[in-house]
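Colleague: Please take a close look at the loops with unusual backbone geometry, and then place them in the wider model. A plain account will do.

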Amino acid sequence: MHMVRAHILVCGGTGCTSSHSQQIIEALETQLAEHGLGNEIKVIKTGCFGLCERGPIMIVYPEGVFYSRVTADDVPEIVEEHILKGRIVKRLLYQDTASHDTIQSLNKTRFYEKQHRVALRNCGVINPEDIMEYIAVDGYEALGRVLTGMTPQEVVDIIKASGLRGRGGAGFPTGMKWQFAMGDAPVKYVCCNADEGDPGAFMDRSVLEGDPHVVLEAMTIAGYAIGAHQGYIYVRAEYPIAIHRLQIAIKQSRELGFLGKDIFGSGFDFDIELRLGSGAFVCGEETALMTSIEGHRGEPRPRPPFPAVKGLFAVPTILNNVETYANIPQIILKGADWFASMGTEKSKGTKVFCLVGKINNTGLVEIPMGTTLREVVEEIGGGVPNGKKFKAAQTGGPSGGCIPAELIDTPIDYENLAAVGTMMGSGGLIVMDEDTCMVDIAKFFLEFTVDESCGKCTACRIGTKRLLEMLEKITNGEGTLELLDQMEELAYDIKANSLCALGQTAPNPVLSTMRYFRDEYIAHVVDKKCPAGVCKQLLAYKIIPEKCKGCTACARVCSVNAISGEVKKPHVIDTEKCIKCGACQLTCKFDAIVKG
Amino acid sequence: MAKKKTTVPFQGTAEQEAKLKALIAEYKEIPGALMPVLQQAQGIYGYLPIEVQQMIAEGLNIPLAEVYGVVTFYSQFTLNPKGKYEISVCMGTACYVKGAGDLIDRITHILGIEPGEVTPDGKFSLTNTRCIGACGLAPVMTVNDDVYGRLKAEDIDGILRKYMNEE
């Protein structure tokens with residue numbers, strides 16, 4: 001076998017590809033060829049490493065040296081210094097955000113130390129476009145074990161015993177879902193929900209991009225367990241890299257006989273087809289997703305009948321989320337007890353979160369259930385940037401709510417999040433600081449649900465629109481205390497009268513922010529002030545006369561001539577004319593312009 | 001999202017029509033064919049004017065009303081041709097809290113178009129898109145295949161000027 005002396009792993013996830021990691025790979029290949037190292041050093045494009053904030057990321061093995069924010073211009077230095085002379089390029093090493101120590105290895109960073117990678121174990125480790133690398137890390141071994149030595153009921157029993165719950169949002173026990181679909185219908189389907197639509201969330205995409213075979217293997221196992229022979233992966237069209245790698249994975253898997261007829265000589269047939277979403281958030285709802293695969297408008301259907309009884313094309317169907325599937329092969333290989341040993345009493349295993357927003361280490365993290373929000377934000381996330389104060393974390397996307405700073409010690413699992421008025425959701429975790437206006441955030445999520453409501457039920461279609469209008473009144477300074485009560489009443493009506501989870505949860509961002517940040521709502525309606533300084537209608541720009549030097553810079557950038565004053569004398573802003581664009585504040589060198 | 005009907009006359013070529021016919025023939029027998037056919041038809045024509053929907057409706061034997069219903073339901077399908085430079089500003093939560101709204105304001109100010117519109121010369125179109133998943137680079141915008149990350153409103157002028165100067 002051909003041996004190589006070093007491997008250079010470059011992240012090919014969407015974040016790093018957007019910051020030109022492909023150019024780094026090309027530069028590396030050219031440089032290595034120039035030095036005649038093409039046969040000694042192997043360059044591998046992997047899936048997401050997780051620490052997207054520091055992308056593009058490169059790791060050089062065998063040392064495991066972790067370089068961050070690499071550009072193509074750094075490549076000659078890396079090749080000449082590190083690869084040829086064995087000297088680490090110190091200036092590209094990751095600097096710990098808290099201690100400012102330079103850290104050589106990825107696993108030693110505070111970002112990774114607290115993490116426990118199960119669903120993401122192969123992301124950033126293997127080349128996702130090569131099935132042999134997946135097989136080398138025990139890939140398809142679980143499928144072999146299932147097909148050659150287990151009955152379908154034994155498979156379902158292991159999944160049930162592991163306590164695995166759906167990672168897509170609601171947290172329904174996976175084994176139970178499979179059990180419901182085990183009846184003896186002649187045709188059944190296995191579906192994978194890869195229509196990850198929550199804004200600010202990219203967990204499933206990272207699994208698909210970094211480890212696509214794990215999803216294929218798990219779906220085939222599910223097919224065997226319930227007696228289905230066809231699978232569909234419904235993936236959103238906005239994920240071109242994920243789609244490309246899934247296509248490659250399906251092709252390679254068919255070539256080696258892990259998909260197709262008579263898999264592992266067991267007589268079991270299974271194949272998988274990709275179906276692309278077309279940008280409709282509601283299609284993440286299980287019945288809407290199936291309606292969409294059938295080729296219709298993605299509108300939800302009433303349940304019951306549940307999909308396990310009557311799903312896709314009106315036959316029994318199971319639908320699981322990407323991350324749920326990513327846990328299955330390891331549960332088969334390592335056993336239910338191993339999986340159940342992680343997490344809390346009712347929430348087993350780990351959960352992947354996308355840590356984004358006002359946080360130092362933006363990226364993908366996988367933590368055991370029960371880790372506290374404080375550990376995630378302060379230790380893994382490295383805290384809030386620019387010395388600002390942590391205000392709240394939002395989970396569950398447009399269906400979820402927020403966890404305020406005073407509840408930062410909440411352990412993260414299904415039950416605890418529900419108790420504080422939010423939900424696990426698919427795993428978006430958006431950090432907000434003191435500059436974030438909670439009324440504005442509620443408005444942002446409502447705008448999203450108004451856009452994405454499919455229009456089938458009145459409560460959701462019209463209710464969310466009315467709720468948004470009320471929020472707009474508040475941020476425009478036209479709100480009253482009675483309006484707040486009306487909003488709450490309407491929110492509960494929408495929840496009670498909507499057919500699917502989209503409508504039932506759409507008011508949550510409003511209810512949750514009203515529960516924890518009522519004082520901010522009151523500031524908007526009573527004092528007509530936005531404490532965070534976000535809602536433009538409630539702001540006025542002012543010049544502090546003592547600080548103004550009369551340099552006229554602000555008057556010159558003002559596009560509506562709202563600023564006047566003599567040279568070298570304090571200027572004033574005409575608030576009637578001012579359109580609150582903020583250009584003057586950006587221009588002022590003396591911090592003399594304030595908003596409030 | 002409401003969709004604006006196009007005012008640009010349909011100018012499909014025979015070559016495009018042949019591709020569409022082949023596509024329809026390939027998918028005709030597959031259950032749930034409409035979505036993949038529409039997705040690829042949009043790849044052929046760049047958008048889905050009523051003339052193309054009509055051909056698909058006839059080819060797949062589905063009522064035109066239903067085809068139109070599906071096209072207007074999904075936000076990726078467009079009834080309008082795109083500008084030569086398609087500007088997309090990510091409005092995912094991470095980008096939003098980091099000031100994506102200010103980027104849109106600045107672009108609208110410079111080009112005089114709102115999201116969903118095209119400049120009269122057909123050069124620029126503007127959309128606010130759902131999360132593109134590059135949250136580590138927030139706020140993010142793309143112009144065709146070029147990605148710009150960690151933006152401030154002041155950066156917009158320079159970026160747009162680059163494309164304005166190109167033919």
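Modeller: Arg150(B) sits in the loop of chain B that runs between β5 (146-148) and α7 (155-164). This is a predicted model, and Arg150(B) has a positive phi of about 50° in it, although it is not a glycine. Most residues other than glycine have a negative phi, and most peptide bonds are trans. Arg150(B) counts as exposed because it has 12 C-beta neighbours inside 10 Å, and 12 or fewer is the cut-off for that class.

Chain A offers a second case. Phe264(A), also not a glycine, has a positive phi of about 55°. Its place is the loop between β9 (260-263) and β10 of chain A. Phe264(A) has 16 C-beta neighbours inside 10 Å, so it counts as partly exposed.

Next come the cis peptide bonds. In chain B, Ala138(B) and Pro139(B) are joined by a cis peptide bond with omega about -10°. The loop between β3 (124-129) and β4 (141-143) of chain B holds Pro139(B). In chain A, the bond from Arg303(A) to Pro304(A) is cis, and omega is near -5°. Pro304(A) belongs to the loop between α12 and β11 (317-321) of chain A.

Two of the elements that border these loops in chain A return at the contact between the chains. There, 39 residues of chain A are in contact with 31 residues of chain B. On the chain A side, β10 (268-277) and α12 (286-293) are among the elements that each supply at least two residues, as are α1 (14-18), β12 (350-357), β16 (428-433) and α17 (438-452). By class, the chain A side is made up of 14 nonpolar, 17 polar and eight charged residues.

Chain B itself is divided into domain 1 (14-73) and domain 2 (85-164). The C-alpha centres of these two domains of chain B lie 30 Å apart.

Elsewhere in chain A, helix α7 (residues 152-162) packs with helix α10 (residues 212-226) at an angle of about 120°, their axes being 7 Å apart. α7(A) is therefore oblique to α10(A). The crossing of α7(A) past α10(A) is left-handed. From α7(A), the contact uses Pro152(A), Val155(A) and Val156(A), and from α10(A) it uses Ile221(A), Tyr224(A) and Ala225(A). The contact of α7(A) with α10(A) has six nonpolar residues, with no polar and no charged ones.

Terms used
Residues numbered from 1 in each chain as written. Chains lettered and ligands numbered in written order. Predicted model: local features only at pLDDT ≥ 70, side-chain atom pairs only at ≥ 80, totals over all residues. Domains from an automatic or database assignment. Contact = placed C-beta atoms within 7 Å. Helix = DSSP H or I, 4+ residues; strand = E, 2+ residues; numbered from the N terminus. Nonpolar A, V, L, I, M, F, W, Y, C, P; charged D, E, K, R; others polar. Axes fitted to C-alpha atoms, helices over the stretch in contact; angles between N-to-C directions. Parallel < 35°, antiparallel > 145°, perpendicular 65-115°, else oblique. Left-handed = near helix turned anticlockwise from the far one by under 90°. Buried ≥ 20, exposed ≤ 12 C-beta atoms within 10 Å, placed from the backbone.
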